[in-house]
Amino acid sequence: MKKTMNGASLRRLLAAIAIAAVSTPTPVAHAGEGGVTHVIPGAMATLADNAPASGPGVFVKPMYMRYSGSVSAQIPTAAGLAGDVEATSNTYAVIGGYTFAEKVLGATYTMVAALPYTSLDITAVVHTPSGAKVRKGNKISGLGDVTVIPAMMAWKEPESPWQFNFVLPVYMPTGNYEKGRLGNTGLNYWTVDPIFGVAYSDAKRGFNALLHSGLAFNSENPDTNYKSGNLLHFDGAVQQILPVGSGFMTIGAEAFYFKQVSCDSGSGATLGCFKGKTAGLGPVVGYIQPFSKTESLVLEFKWLTETATEKRLEGDYLWLKAVYKF
């Protein structure tokens with residue numbers, strides 16, 4: 001791979017990068033039951049998250065995310081109403097997928113699965129059945145909710161700078177969950193999150209921009225009779241690719257906006273509608289190391305800070321991602 005920014009070479013490189021656009025669950029995310037949803041800022045916005053545009057091939061994506069946040073207002077949890085919540089989670093995930101040679105509806109077709117493991121440390125003032133307020137803490141580690149993507153589709157013409165994506169993550173309630181426990185690594189309900197996206201790549205200048213939007217639908221938690229409302233979310237990023245060494249460095253920024261568009265419901269929704277929202281932004285840096293036309297390694301680090309929240313924790317996300325395609 002030449003160090004100069006050759007447009008055709010860069011187009012082939014970007015098309016060969018097979019990426020898993022997967023969110024991994026963490027116990028501190030958005031409004032809804034526990035102030036939580038399966039969908040997380042930063043999970044799908046950059047080159048390390050864009051749907052693969054070429055195939056066939058296998059890819060693996062180890063990933064680490066750390067979140068630290070707090071909220072003074074009351075939120076519903078598996079242990080009841082809680083306020084003055086402080087939480088830190090560390091999530092590790094192994095993601096794998098396969099891109100098929102045959103196209104489906106004119107799109108490159110990929111299937112993905114993700115297995116997360118989360119360590120959670122949370123404290124809060126919990127309302128007891130007698131009406132007293134007690135400060136409780138909880139540390140727990142365990143498997144999170146498995147994510148499967150039965151359909152990840154990418155439409156891209158060979159010489160076009162535009163790529164259009166459709167992704168269908170399904171979050172399964174397989175994680176560690178216990179009613180009455182302040183923190184859990186699983187959410188105990190299903191989520192289906194159809195996502196549509198567009199990516200623009202100027203191969204001559206090395207400029208990339210991506211925008212994805214989804215609407216997450218949740219089932220009811222059968223243990224608490226709590227159904228979290230639907231969540232509309234946007235993730236966008238701009239990145240500049242620069243030749244460095246035998247590969248390419250990426251420098252950019254990401255922004256996100258998440259808003260709950262329907263009310264929480266069910267007999268367990270004692271706070272009523274409880275719609276929440278969040279927004280934030282932060283820097284993204286990465287490195288792309290090509291080995292051949294079909295083999296490559298992508299590394300990425302991002303730090304996203306929440307700047308405007310309602311009815312949820314507010315804090316910082318640190319992401320470290322690696323994608324190896326072969």
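**Cavities, nonpolar cores and a strand hairpin**

In this predicted model, 2 cavities of 30 Å³ or more were found. The second largest cavity has a volume of about 60 Å³. Its lining comprises 12 residues, of which Val39, Met44, Ile195, His233 and Asp235 lie closest to the cavity centre. Two or more lining residues come from each of strand S11 (207-218) and strand S14 (231-244). Sorted by class, the lining of this second largest cavity consists of 6 nonpolar, 4 polar and 2 charged residues.

In soluble globular proteins, nonpolar side chains tend to be buried together. The largest nonpolar core of the model contains 41 residues, and the members that touch the most others are Val85, Leu182, Leu313, Tyr317 and Trp319. Two or more residues of this core are supplied by each of strands S1 (57-71), S3 (80-99), S4 (108-127), S6 (147-155), S15 (247-260) and S18 (314-325). Strand S4 makes the greatest contribution to this core, with 6 residues. A second core, separate from the largest, has 7 residues, including Leu47, Ala48, Val298 and Val323.

Strand S4 also takes part in a hairpin with strand S5. S4 and S5 (residues 133-143) are paired in the antiparallel sense, over 11 bridges. Within this pairing, Tyr117 is placed opposite Leu143 of S5. The hairpin has 5 residues between the strands, and Gly131 adopts a positive phi near 100°.

Technical notes: Residues numbered from 1 in each chain as written. Predicted model: local features only at pLDDT ≥ 70, side-chain atom pairs only at ≥ 80, totals over all residues. Heavy atoms only, no water. Core = buried A, V, L, I, M, F, W, Y, C linked by side-chain atoms within 4.5 Å. Buried < 20%, exposed > 50% of the residue type's maximum accessible area, 1.4 Å probe, protein only. Helix = DSSP H or I, 4+ residues; strand = E, 2+ residues; numbered from the N terminus. Pairing = 2+ DSSP bridges. 1 Å grid on protein atoms, 1.4 Å probe; cavity = no way out; pocket = protein on both sides within 12 Å on 5 of 7 lines; lining within 4 Å. Points joined across faces, edges and corners; volume = space filled by probe spheres on them. Nonpolar A, V, L, I, M, F, W, Y, C, P; charged D, E, K, R; others polar.
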